[in-house]
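I sat down with this one today and kept short notes as I went. Here they are, in the order I looked things up.

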Amino acid sequence: MVSRIIPVASFDLVIFGGTGDLARRKILPALYRRFLAGQMPADAQLIGAARSPLDDAGYRTLAREAIVEFGGEQAGERRLDAFLGLLRYVTLDARGDSGWDALKRLIRPDRVQAFYFSVGPGLFGALAERLHGYGIAGPRARIVVEKPFGHDLASARALNATLAEHFREAQIYRIDHYLGKETVQNLMAVRFANILFEPLWNSQFVDHIQITVAETVGVGGRGAYYDRAGAMRDMVQNHLMQLLCLIAMEPPSRFEPDAVRDEKLKVIRALEEVAPHHIVRGQYARRGDVPSYREDVDDARSTTESFIALKCHVSNWRWAGTPFYLRTGKRLRARVSEIAVIFKDAPHLIFGQEAGRHCNTLSIRLQPDEGMTLQVTIKEPGPGGMRLIDVPLDMTFAEALGDQVEDVPEAYERLIMDVMRGDQTLFMRGDEVEAAWAWTDPVIAGWEGRGDVPKPYEAGSSGPEDALMLMHRDGRRWREIR
Ligand code: NAP
């Protein structure tokens with residue numbers, strides 16, 4: 001089989017916050033897997049930068065431990081050593097002046113330069129300013145920024161303005177790792193490379209859409225951050241919004257960054273304000289040994305939501321009348337991220353009432369077990385008349401594609417390599433992020449103004465009862481979280 005690895009030009013990648021949780025759990029293991037896949041240029045430089053006083057050897061030890069713990073793949077000591085040989089480390093303070101000259105000496109002006117801001121957003125401005133001030137970032141350098149991108153519209157605008165002082169939009173890569181998932185891209189292929197779905201992809205044929213991102217974990221060590229954010233800011237404004245965009249957007253004229261992002265932006269701008277009775281917020285309660293949300297964040301009066309379900313509408317010709325139901329939460333029954341497109345029933349039941357009502361459902365699963373299934377109705381095989389059953393048609397095609405399925409890069413691997421290639425298609429543009437906040441802000445201001453308190457739900461459940469009612473009132477049901 002011809003190699004499908006697309007080579008990337010030699011690069012210098014600086015990971016600010018190179019000693020932090022994200023670098024250790026995601027970025028370093030992702031780079032290692034690209035190395036194993038043969039995509040890492042032989043003379044790439046991967047430079048960790050943070051305040052901790054480490055040297056190259058100390059950073060390599062940190063990276064080795066991180067890769068062993070979080071990397072999954074064990075390819076042997078020799079290969080790991082070869083990878084670690086690409087790593088360097090610079091001690092610096094984003095807000096100070098020491099270390100920056102040392103970083104400048106390491107950066108090669110004739111290579112692709114990328115700077116990953118794996119630090120809190122409060123440091124983005126200081127980093128951008130120093131990269132510029134010390135003459136480190138060349139005119140084609142790229143910066144990668146993590147969520148959260150702002151806390152509301154005003155702070156997101158301020159952040160965009162700060163970055164824009166030193167970098168052009170074409171240099172800024174705002175990561176949403178959901179967009180790096182294989183299935184998310186497959187969704188675009190299924191929608192836009194087949195004639196089959198597109199004619200049905202509208203309110204005439206789609207009954208409703210459900211987007212669920214359920215986690216089993218609580219807020220863990222992120223309590224202080226999370227309690228200021230809540231599920232709406234932490235998940236809906238970015239991840240669920242991006243998934244909604246990919247489902248709802250018009251076909252772009254080309255699969256190119258701005259063509260795709262223009263279409264996503266139109267969707268966000270077409271979102272109607274959410275009515276208060278279409279929002280359910282929840283907070284997990286203690287169950288046995290599992291502490292409650294309020295215990296986890298150490299605030300007995302917290303009114304931050306660890307769960308949210310809402311119904312919204314995309315107000316345009318394609319989607320007028322088709323509701324989008326979004327739901328996300330912590331300490332739920334199972335860890336699931338899924339989009340389900342539920343088509344309408346057949347208009348006329350020729351098999352009679354007893355055959356029951358059936359509707360096709362396209363489900364796009366991001367985790368666990370990434371894949372797509374289309375539920376179709378067929379005759380139950382065998383004698384006994386015309387009995388209908390629903391069966392899932394596996395659209396992952398693992399068998400047809402054989403071993404090609406195995407070397408699918410994970411989200412962070414793909415996205416980091418896209419940065420090196422200069423492809424912004426799977427990254428959020430500044431105006432998209434602002435539009436998402438412009439929709440989110442009034443929703444939050446609404447419940448704050450009303451003094452709404454989240455409904456308790458049992459850890460390990462599907463969320464508060466009211467979330468079920470949100471669907472029942474419309475004669476619909478959530479898909480099971482499992
Ligand atoms: P973290 O574990 O607290 O790491 C922060 C990193 O920044 C450390 O390497 C720290 O190292 C460095 N740092 C802090 N202050 C600094 C300064 N003044 N100058 C230079 N370096 C400094 O945080 P994280 O979880 O890795 O998160 C990093 C960013 O990614 C945050 O914006 C977070 O919201 C975002 N994010 C994280 C995750 C995740 O899974 N962890 C997921 C999505 C988004 P020193 O103390 O050695 O300086």
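**Entry 1: around α5**

Which residue just after α5 takes a positive phi? I looked it up and found Gly135, with a phi of about 65°. A reminder to myself that this is a predicted model.

I then stayed with the helix itself. Helix α5 spans residues 124–133 and is mostly covered, with seven of its ten residues buried. I wrote the buried ones down: Phe124, Gly125, Ala126, Leu127, Ala128, Arg130 and Leu131. I noted Arg130 as a charged residue to check by eye among the buried residues of α5. For the surroundings, I found that the buried residues of α5 pack against three strands and two helices, namely β1 (11–16), β4 (112–117), β5 (142–145), α4 (100–106) and α6 (153–166).

**Entry 2: domains and cores**

Next I turned to the domain assignment, which gives domain 1 as 11–146 and domain 2 as 179–411 + 430–472. Their centres, taken over C-alpha atoms, are 34 Å apart.

Which residues touch the most other members of the largest nonpolar core? In this core of 114 residues, they are Phe11, Leu13, Met40, Phe83 and Leu244. Helix α8 (residues 223–248) gives the most to the core, with 13 residues. Domain 1 and domain 2 each supply at least three residues to this core. I also noted a second, separate core of 33 residues, with Ala94, Leu106, Ile143 and Met428 among them.

I picked Leu244 for a closer look. Leaving out residues up to four places away in sequence, Leu244 touches Ile211, Val267, Leu271, Cys312, Val314, Phe324 and Leu326.

**Entry 3: salt bridges**

My search of the whole structure gave 39 salt bridges. I went through a few of them.

Lys264 pairs with Glu432, and their closest N and O atoms are 3.2 Å apart. This pair links distant parts of the chain: Lys264 sits in helix α9 (residues 257–269) and Glu432 in helix α13 (residues 430–450), 168 residues apart. Are these two partners buried or exposed? Lys264 counts as buried because its relative accessibility is 1%, and Glu432 is buried as well, with a relative accessible area of 1%.

Arg387 and Glu380 also meet through their side chains, at 2.6 Å from N to O. Here Arg387 is partly exposed at 35% relative accessible area, and Glu380 is partly exposed at 26%.

The third pair I noted is Asp418 with Arg421, at 2.8 Å from N to O. Both lie in helix α12 (residues 411–421), and they are three residues apart, so about one helical turn separates them. Asp418 is buried, with a relative accessible area of 6%, whereas Arg421 is partly exposed at 35%. I also found a network in which salt bridges with shared partners join Asp12, Asp43, Arg108, Asp110 and Arg111.

**Entry 4: backbone oddities**

Before this step I reminded myself that most residues other than glycine have a negative phi, and that most peptide bonds are trans.

Where are the cis bonds I wrote down? One joins Lys147 and Pro148, with omega about 0°, and Pro148 lies in the loop between β5 and α6. Another runs from Gln367 to Pro368, with omega near -15°, and Pro368 belongs to the loop between β12 and β13 (371–379).

For positive phi outside glycine, I noted Asp298, at about 60°. Asp298 is in the loop between α10 (293–297) and β9 (307–313), and its relative accessible area of 72% makes it exposed. Arg331 also has a positive phi, about 55°, without being a glycine. I found Arg331 in the loop between β10 (323–329) and β11.

**Entry 5: a surface patch**

Last, I looked at the outside. Ile350, Phe351 and Met386 form a nonpolar patch on the surface, and together they have about 310 Å² of accessible area. Phe351 is placed in the loop between β11 (336–345) and β12 (359–367). Its relative accessibility is 37%, so Phe351 counts as partly exposed.

Note on methods. Residues are numbered from 1 along each chain as its sequence is written. This is a predicted model: local features need pLDDT of at least 70, side-chain atom pairs count only at pLDDT 80 or more; totals for chains, interfaces and linings use all residues. Side-chain values use heavy atoms; hydrogens and water are left out. Domain bounds come from an automatic or database domain assignment. Buried means under 20% relative accessible area, exposed over 50%, partly exposed in between (1.4 Å probe, protein chains only). Helices (H or I, at least four residues) and strands (E, at least two) are DSSP runs, numbered from the N terminus. Contact means heavy atoms within 4.5 Å. Patches are made of residues with over 30% relative accessible area and no salt bridge: like charges are joined within 9 Å, nonpolar side chains (Val, Leu, Ile, Met, Phe, Trp, Tyr) within 5 Å. Accessible areas come from the Shrake-Rupley method with a 1.4 Å probe; for residues, only the protein chains shown count as cover. A salt bridge is a side-chain nitrogen of Lys or Arg within 4 Å of a carboxyl oxygen of Asp or Glu. A nonpolar core is a set of buried Ala, Val, Leu, Ile, Met, Phe, Trp, Tyr and Cys residues joined through side-chain atoms within 4.5 Å.
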